[in-house]
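Welcome! Have a look at the chain below, and then work through a few short exercises with it.

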Amino acid sequence: MQRFFMILLMLAGIGHASVHAQETFTVPEGHFLALSYHDVRDDVVPGRDPDPYAVSTRRLVEWFDWMQRQGWQPVSLQQIVDAREGREPLPANAVLLTFDDGLASVYSHVFPLLQAYEYPALVALQTGWLETVWAGDGVTYNPETFADGASREVAAEQALPGTIQYNEVPLGAEGFLALSELREMQASGLVEFASHSHDLHRGILANPQGNEQPAAITRRYDPESGRYEDRDAFRQRILDDMTASSASLEAMVGVAPRSIVWPYGAHSEEVDALATEAGMPLSISLGADPVNHPTQARFNRLLISEDPRPIEIAQSVRPESARRAGSPQPQRVIHVDLDYVYDPDPEQANRNLGVLLDRIQRMQVRTVYLQAFADPNGDGNADALYFPNRHLPVRADLFNRVAWQLRTRAGVRVYAWMPLLAFDLPDQDLHAELSVQRPGPEGDPVPADRDYRRLSPFLPQSLEIVGEIYEDLGMAASGIAGVLIHDDAYLAADEDLAACQHAARWPGTDRPLSECILRPEEKTQALIDFGDEVIGRLRNFTNLSLDFRTARNLYARVVLEPEAEARFAQALPAAVEAYDEVAIMAMPWLDGTELPPDIWLARLADAVEEQIGGFEDVVFELQARDWRGEGRWLEARLLRDWMEQLVRRGVLNFGYYPDDFLRNQPEFGPTFEGMSLNAFPHPR
């Protein structure tokens with residue numbers, strides 16, 4: 001199970017990557033690079049070793065020699081704290097060396113090298129493991145530091161007394177640090193110990209379908225009751241673990257830890273706050289940007305794998321954000337309706353999921369926008385949700401299962417596709433009370449239900465309801481990589497008279513509106529601010545190591561005709577500034593154009609480049625279906641031709657909607673040819 005979760009880090013793009021460039025990079029001034037090591041052995045065979053995260057003693061010595069020759073300086077956690085507090089700046093090319101899991105090789109192989117080079121390091125200990133193996137080895141240790149015997153019970157379930165399952169192999173005391181070794185390293189002044197949790201280095205049941213997900217950020221599912229751990233129980237479990245680990249470490253070495261190194265790098269703002277409450281304000285994870293500034297409370301590390309050469313580590317210093325800027329990675333997206341996966345028969349739903357996974361794997365895309373709401377009648381409004389929540393019916397507890405399988409089996413980044421305002425509340429009177437308003441036949445405000453039935457962004461109760469729905473999504477599926485805001489985020493020219501109500505406030509503030517008849521750009525900003533508020537509540541629960549990103553659907557009309565902002569309260573420049581990605585609905589027949597589609601797409605690309613100067617921040621989302629008339633599927637060759645046209649124009653990112661994977665629509669062959677990155681040219 002441990003190896004399974006570590007592999008997820010590689011799928012998320014967190015692990016060590018192959019490097020082809022010959023240029024090396026330096027750590028920016030005042031920053032530090034953080035590296036995550038695990039086992040160190042003499043017999044590691046790169047590419048064939050059963051443990052991809054083990055490094056050879058020879059390679060570690062080469063890296064230490066390289067740092068010494070190049071003037072790279074390993075620093076202690078204390079030096080980072082000193083730099084943060086303004087006492088002493090970090091040296092040039094500062095490096096934080098960390099070693100996870102408390103394996104025996106830290107003392108036998110690493111510690112002698114630290115002494116020889118006089119390099120400091122941070123060692124993260126999973127205290128529950130140590131207590132378990134020491135107890136099984138007959139070592140006398142204070143039993144009061146066990147967390148209610150939980151670690152003993154886990155060990156008993158794993159076949160051998162005094163062992164833990166490490167990389168799917170039972171490992172006893174001989175595989176881990178001894179108490180005397182901990183104390184010797186502590187006394188040396190070269191090693192500081194961090195918590196690696198007490199009993200969170202494992203997966204727990206995360207949904208009715210049986211997926212196990214990281215214990216530190218997952219609400220445990222109880223199959224007997226059919227219920228999830230509630231928020232209070234989750235928080236108490238994490239806080240108890242942090243407290244137990246801190247007390248155990250203090251008993252071992254005489255010093256309580258001030259940092260938590262999260263198992264598998266899985267953590268959230270919520271659990272970071274709990275660790276701080278337990279006395280560990282420094283949160284250390286894994287991530288795409290392993291170069292950190294001392295003022296950060298959270299540090300990312302580069303996961304060392306496949307026994308890399310020093311030059312490969314040095315070439316990985318540049319943050320992911322800088323790599324993207326220097327060499328943008330084209331994105332291919334498939335926008336998936338979870339309604340196609342759903343079936344009242346869970347076995348059939350699972351078979352449908354298998355077909356989806358095969359399709360996504362074959363398409364070789366990087367991103368899936370996955371519907372998190374149920375819309376069986378196709379009107380765009382959320383009638384129910386696919387995750388447990390406080391406000392709408394649950395059609396099926398399906399979203400977390402499908403998102404997790406897509407991430408782990410197909411290796412894609414999954415964005416939750418969510419409405420911003422179009423939630424059909426079961427209480428119809430409340431829905432009418434909170435609705436976007438427009439003038440009725442007599443001039444009085446009435447609910448604006450001509451298209452989407454939206455809640456007003458100016459009413460605090462709307463914000464609270466939608467915010468809680470987004471919180472519930474985060475608690476149900478902490479492993480999503482982003483969120484896509486649905487195209488319901490608009491206000492027409494005669495909307496929203498709800499801003500004139502006494503209770504109305506600017507979204508996310510207590511500020512009354514001085515003028516309730518708002519200009520188009522004010523409506524545009526209000527929708528952005530409303531989105532910021534609810535997405536912020538979602539972010540509190542998502543895995544911070546996954547580089548969570550935000551995306552927003554935008555109508556093509558407002559790009560082609562900027563004056564159409566008055567009809568939609570949408571504008572491309574404002575959306576690009578507010579979101580990581582803008583998914584433009586590049587759907588000529590949905591737009592209602594009378595132009596030939598190829599000319600229309602060319603004009604759309606020209607307008608994007610004219611307004612924002614390029615294509616890196618936008619995704620062109622093509623239509624795979626013509627919803628006019630009977631809603632026929634497009635010929636896949638036509639879809640491919642559109643994609644090739646966009647590539648020739650210099651567009652980097654595109655995808656399509658919808659995808660009926662059960663019926664091979666759009667047809668796989670031509671669609672794959674259009675989506676393929678194998679022949680992607682350099683942008684103009």
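Three exercises with worked solutions follow.

This is a predicted model, in which local features need pLDDT of at least 70 and side-chain atom pairs count only at pLDDT 80 or more, while totals for chains, interfaces and linings use all residues. Residues are numbered from 1 along each chain as its sequence is written, and side-chain values use heavy atoms, with hydrogens and water left out.

**Exercise 1. Trace the strands that close into a barrel, and find what joins β19 to β30.**

Step 1. Strands are DSSP runs of E with at least two residues, helices are runs of H or I with at least four, and both are numbered from the N terminus. Two strands pair if DSSP finds at least two bridges between them.

Step 2. Follow the order β19-β20-β23-β26-β27-β28-β29-β30: these 8 strands form the barrel, with parallel pairing. On average, neighbouring strands are turned by 25° against each other, direction ignored.

Step 3. Now check the closure: β19 (residues 332–336) and β30 (residues 654–657) run parallel and are joined by 3 bridges. Here I334 stands opposite Y656 of β30.

Step 4. Add a helix: α23 (residues 636–649) lies across β19, β29 (618–623) and β30, at about 160° to β29. Such angles run from 0 to 180 degrees between N-to-C directions, using axes fitted to C-alpha atoms, for helices over the stretch in contact.

**Exercise 2. Describe the surroundings of β20: is this strand buried or exposed?**

Step 1. Look at its partners. β20 runs parallel to β19, with 4 bridges between them, and V333 faces T367 of β20. On the β23 side there are 5 bridges, again in the parallel sense, and T367 stands opposite R413.

Step 2. Sort the side chains. In a regular strand they alternate between the two faces of the sheet. For β20, T367, Y369 and Q371 on one side and V368 and L370 on the other are all buried (under 20% relative accessible area, with a 1.4 Å probe and protein chains only).

Step 3. Conclude: 5 of the 5 residues of β20 are buried, so the strand is largely enclosed by the rest of the structure.

**Exercise 3. Work out how α5 and α8 meet.**

Step 1. The axes of α5 (residues 127–136) and α8 (residues 231–253) come within 9 Å and cross at roughly 55°.

Step 2. The two helices are therefore oblique to each other, a class for angles left over after under 35 degrees (roughly parallel), over 145 (roughly antiparallel) and 65 to 115 (roughly perpendicular).

Step 3. List the contacts (heavy atoms within 4.5 Å): T127, L130, E131 and W134 in α5 meet S245, S248, L249 and M252 in α8.

Technical notes:
Buried means under 20% relative accessible area, exposed over 50%, partly exposed in between (1.4 Å probe, protein chains only).
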